[in-house]
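User: Please take a close look at one small part of this model and walk me through what surrounds it. Keep it chatty, but give me the cut-offs.

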Amino acid sequence: MAEKELKEYTADEVSKHTTQDDCWLVIGNQSNGGPKVYDVTKYLDDHPGGAEVMLDVAGQNADEFFEDIGHSKEARQELQKYLIGTFKLDEATLAKMKADAERKAQQGNQSSMLMVALIALIAIYV
């Protein structure tokens, strides 16, 4: 059976779907097939974490949030039922994603340096 052709959605289109009655999310990254758009409106009431956590990231890229939670294989399979399209990565979106990634990397480096300094201080006093 051939896979159906998926529509491509822009960040502007996705950003218009942020309510209990119309909730879309972007989930996915380069390591798992790229960002995809999901209409999770009908799943809100069934989500084990509650509708509010999904509504907090509605209309935007929720991939980091989704991955940080550590969803199960079953949750990932359930998500596929709500797939409506792919997410168009235009120049502005790519630039924002790159800036966010750089900011995170910088924050991670600062956290690592702080941890090393903290361990060194503890070692000095012990």
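Analyst: Let's say two residues are in contact when they have heavy atoms within 4.5 Å of each other. Bear in mind that this is a predicted model, where local features need pLDDT of at least 70, side-chain atom pairs count only at pLDDT 80 or more, and totals for chains, interfaces and linings use all residues. Numbering runs from 1 along each chain as its sequence is written, and side-chain values use heavy atoms, with hydrogens and water left out.

I'd zoom in on Gly34, in the loop between β3 (22–27) and β4 (36–39). Those strands are DSSP runs (E, at least two residues; helices are H or I, at least four), numbered from the N terminus. Gly34 has a relative accessible area of 9%, so it counts as buried (under 20%; exposed is over 50%, partly exposed in between; 1.4 Å probe, protein chains only).

Skipping neighbours within four places in sequence, Gly34 is in contact with Ile27, Gly28 and Asn29. Follow Ile27: on that same basis, its contacts are Gly34, Pro35, Lys36, Tyr38, Ala62, Asp63, Phe66 and Leu79.

Ile27 also leads us into the largest nonpolar core, meaning buried Ala, Val, Leu, Ile, Met, Phe, Trp, Tyr and Cys residues joined through side-chain atoms within 4.5 Å. Of its 18 residues, Leu25, Ile27, Tyr38, Val40 and Leu44 touch the most other members. β3 and α2 (51–55) are the elements giving two or more residues to this core. Another core, of 6 residues, lies apart from it, with Tyr9, Trp24, Val26 and Phe87 among them. Phe87 brings us back to the start: its C-alpha is 8.0 Å from that of Gly34, though they sit 53 residues apart along the chain.
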